[in-house]
Amino acid sequence: MLFRSPRRLKSIIKETLSESEITRIIQASKNIKEKAILLVLAYSGIRNKSLCDLKLKDLDIGNNSITIRKPKGRTQYVSNIPAIAINILLEYLKMFPRKSEDYLFTTWVRNNKYSTSDIRKFVKVVSKRAGINKRVYVHLFRHSLASNMLHRGANIILIKEQLGHDYIESTMVYLHSFPQRIKSEYEIYKPSYI
């Protein structure tokens, strides 16, 4: 029998984007394509490389979800997105039709697959356009989704599944990063002895 040693706790998440900051970034998009990319980043918690690898066939319009292939060819998982994001994606697809095997998002000029550096630059530009005065990077959307869901009362298992974490320990970093959530939840569920 193989035993897995306990995973080392990752560092505390110090910086995230609030819901209003993400809203400002989305509103700063100049066109439907920018808006679609930002909505997928904000609502799915997708990683940069996985966003670049996303194909039309990965979009499940009927179930409001995206199948996300993990980097390095490992497994895949399903991430939920809201109907409003699906509607924007449908609007985008009317303007930029795709075949099932085509990448969902491609460059303007040559219709090439985006690179991770393209997406990093894009996020930086739109965040500056929105007037966000902090360092904004692609993975920050992932951290922000988890922390904003946690602040709204989502349980840790839902967040684990949404982010596609293999181990609950990977998701627990969000609970350790926001101890006020544990305190407020304790206040709700504590027994009444006296």
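**Figure 1. The largest nonpolar core of this predicted model has 42 residues.** Ile25, Leu51, Phe105 and Phe141 touch the most other members of this core. Seven elements are named here because each supplies at least two core residues: helix 1 (19-27), helix 2 (32-44), helix 3 (48-53), strand 2 (65-69), helix 4 (83-95), helix 5 (116-129) and helix 6 (138-151). Helix 2 gives the most, with eight residues. Nonpolar side chains tend to be buried together in soluble globular proteins.

**Figure 2. Close-up of Phe105 and its contacts.** Neighbours within four places in sequence are left aside here. Phe105 then contacts Ala36, Ile37 and Val40. Leu51, Leu89 and Tyr92 are also in contact with Phe105. Arg98 and Tyr114 complete the list of its contacts. Phe105 is also one of the four residues that touch the most other members of the largest core.

**Figure 3. A core of ten residues lies apart from the largest one.** Among its members are Ile13, Ala146, Met149 and Tyr174.

**Figure 4. The buried residues of helix 1 are Glu21, Ile22, Ile25 and Ile26.** They cover an arc of only 140° around the axis, so they sit on the same side of helix 1. An α-helix has 3.6 residues a turn, so residues three or four places apart point the same way. The buried residues of helix 1 pack against helix 2, helix 5 and helix 6. Ile25 is also among the four residues that touch the most other members of the largest core.

**Figure 5. Three strands form an open, antiparallel sheet in the order 1-2-3.** Strand 1 and strand 3 stand at the edges, each with a single partner strand, so one side of each has no neighbour in the sheet. Strand 2 and strand 3 (residues 76-80) pair over five bridges, in the antiparallel sense. Within this pairing, Ile68 has Tyr77 of strand 3 as its bridge partner.

**Figure 6. Strand 1 and strand 2 form a hairpin.** Strand 1 covers residues 59-60 and pairs with strand 2 over two bridges, again antiparallel. Leu59 has Ile66 of strand 2 as its bridge partner. Four residues lie between the two strands. In the turn, Asn64 has a positive phi of about 50°.

**Figure 7. The whole chain holds nine helices and three strands.** From the N terminus on, its elements run α-α-α-β-β-β-α-α-α-α-α-α. The chain has 194 residues, and 45% of them count as buried. Among contacts with a separation of 6 or more, 60% join residues 24 or more positions apart. The accessible surface comes to about 11,700 Å². Carbon and sulfur atoms account for 55% of that surface.

**Figure 8. Confidence along the chain and at residues 1-6.** The average pLDDT of the chain is 87. A score of at least 70 is reached by 87% of the residues. Over residues 1-6, pLDDT stays under 50. For this stretch the model has two contacts beyond four places in sequence.

Technical notes:
Residues are numbered from 1 along each chain as its sequence is written. This is a predicted model: local features need pLDDT of at least 70, side-chain atom pairs count only at pLDDT 80 or more; totals for chains, interfaces and linings use all residues. Side-chain values use heavy atoms; hydrogens and water are left out. A nonpolar core is a set of buried Ala, Val, Leu, Ile, Met, Phe, Trp, Tyr and Cys residues joined through side-chain atoms within 4.5 Å. Buried means under 20% relative accessible area, exposed over 50%, partly exposed in between (1.4 Å probe, protein chains only). Contact means heavy atoms within 4.5 Å. The arc is that of the directions from the helix axis to the C-beta atoms. Accessible areas come from the Shrake-Rupley method with a 1.4 Å probe; for residues, only the protein chains shown count as cover. Two strands pair if DSSP finds at least two bridges between them. pLDDT is the predictor's confidence in each residue, from 0 to 100.
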